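Subject: Structure handover

Hello,

Here is the structure I said I would pass on. My notes on it follow below the display.

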Amino acid sequence: MSARVKFFVLHLLVALALLVAVFFFLKANRSAVMANNRDQLDDYLSLAESLVDGWRQNQLRSARELAGLPAVRAWAARRLQGPPGAADPLADELSDSLGERGYALFDAALQLHASAAPAYRPDVPLPPGAREALEQAQRLGAAISPPFPAPPAGALVQLICARLSPTDVPGPVLCLYL
C-alpha cells in the first residue's frame, strides 16, 4: 500500500473515531439534559400543585368564615323563608363586595332558592360536579366544584360552597361563583 493511501486511511479512521466519540458524547449529553429537564418539570409541577392546593384551602377557609358570619346566616334565613327568586339588594351588595361573579343559595334539600345570576333558576338542573360540591359542602362544611359551563353563554365557572348550619346537620348551602 502506498504512503498516500495509508495516510488517507489513517485520517479516515481518525475522523470516523471522532464522529463515533462525538455521537456517544452527544447521546450522553442528551440523556443528561433530558434527566435535568424531567427533574425541573417535576419541581415545577410540585410547586404548581402546592400553589393550587394553597388556593383551594384559602378559598374553602374563606367560604367557611363567610358562612359562619351571623349577618350572613341571618340574611340566608330570611331569604329561605321568602319566596324563591325574590329580589334582595343586600344579596347584590354581598355579591359585589366579595368580587365574585355572584352567589347561589340552596336550601337543605339542595334546591336553588336564590341566585345573583339570572341564568340560574330552580328549574335548570345543576351539572353533576356542582351537585357533588353541594353534597360535599353539606357533609364537610365547604367544597369547590370542578369548572363547568354556565348557561347561557357557556363560560366556565366554579362554585365555592359552604354549609350555613353551624353543626354537622345538613342544612342550607351558600355558594359563590368564581
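How many salt bridges does the count come to? The count comes to one salt bridge. Please keep in mind throughout that this is a predicted model.

That salt bridge joins glutamate 135 and arginine 131, whose closest N and O atoms are 3.7 Å apart. Both residues belong to helix α4, which spans residues 128–140, and they sit four residues apart, about one turn of the helix. Glutamate 135 has a relative accessibility of 35% and so counts as partly exposed. Arginine 131 is partly exposed as well, at 30%.

Overall layout

The chain contains four helices and seven strands. Read from the N terminus, the order of elements is α-α-α-β-β-α-β-β-β-β-β. The chain has 178 residues, and 30% of them count as buried. About 11400 Å² of the chain is exposed, with carbon and sulfur atoms supplying 64% of that area. If you take the contacts between residues at least 6 apart in sequence, 52% of them join residues at least 24 apart.

The sheet

Five of the strands make an open sheet in the order β2-β1-β7-β6-β3, and the pairing is antiparallel. Strands β2 and β3 (142–144) are at the edges with a single partner strand each, so each has one side without a neighbour in the sheet. On average, neighbouring strands of this sheet are turned by 20° against each other, direction ignored. As background, strands of a sheet pair through backbone hydrogen bonds, in either a parallel or an antiparallel way.

Strand β6 covers residues 159–163 and strand β7 covers residues 173–177; the two pair in the antiparallel sense over five bridges. In this pairing, cysteine 161 has cysteine 175 of β7 as its bridge partner. On its other listed pairing, β6 meets β3 in the antiparallel sense over three bridges. There, isoleucine 144 stands opposite isoleucine 160 of β6.

Is β6 enclosed or open? Five of the five residues of β6 are buried, so the strand is largely enclosed by the rest of the structure. Leu159, Cys161 and Arg163 point one way from β6, while Ile160 and Ala162 point the other way.

Helices against the sheet

Helix α2 (residues 70–81) lies across β1 (102–106), β2 and β7, and runs at about 65° to β1. Helix α1 also has a residue in contact with this part of the chain: glutamine 59, which lies in α1, touches Ile144, Ile160 and Leu178, leaving aside residues up to four places away in sequence. Two of these contacts, Ile144 and Ile160, are the residues that stand opposite each other across β3 and β6. The relative accessible area of glutamine 59 is 18%, so this residue is buried, the cut-off being under 20%.

The surface of helix α1

Helix α1 spans residues 3–68 and includes leucine 13. Is leucine 13 buried or exposed? Its relative accessibility is 52%, so leucine 13 counts as exposed. Leucine 13 is one of the residues of a nonpolar patch on the surface, made up of Val5, Phe8, Val9, Leu12, Leu13, Leu16, Leu19, Val20, Phe23 and Phe24. Together these residues have about 980 Å² of accessible area.

Around strand β2

Two leucines are worth a look here. Leucine 110 is in the loop between β1 and β2. Leucine 110 has a positive phi of about 65°, although it is not a glycine. For comparison, most residues other than glycine have a negative phi. The relative accessible area of leucine 110 is 6%, so this residue is buried.

Leucine 112 lies in strand β2 itself, which covers residues 112–115. With 13% relative accessibility, leucine 112 also counts as buried. Proline 125 is 13 residues away from leucine 112 along the chain, and their C-alpha atoms are separated by 9.5 Å.

Those are my notes.

Best wishes

Terms used. Residues numbered from 1 in each chain as written. Predicted model: local features only at pLDDT ≥ 70, side-chain atom pairs only at ≥ 80, totals over all residues. Heavy atoms only, no water. Buried < 20%, exposed > 50% of the residue type's maximum accessible area, 1.4 Å probe, protein only. Contact = heavy atoms within 4.5 Å. Areas by Shrake-Rupley, 256 points an atom, 1.4 Å probe, with all protein chains shown as cover. Pairing = 2+ DSSP bridges. Axes fitted to C-alpha atoms, helices over the stretch in contact; angles between N-to-C directions. Patch = residues over 30% accessible without salt bridge, like charges linked within 9 Å, V, L, I, M, F, W, Y side chains within 5 Å. Salt bridge = Lys/Arg side-chain N within 4 Å of Asp/Glu carboxyl O.
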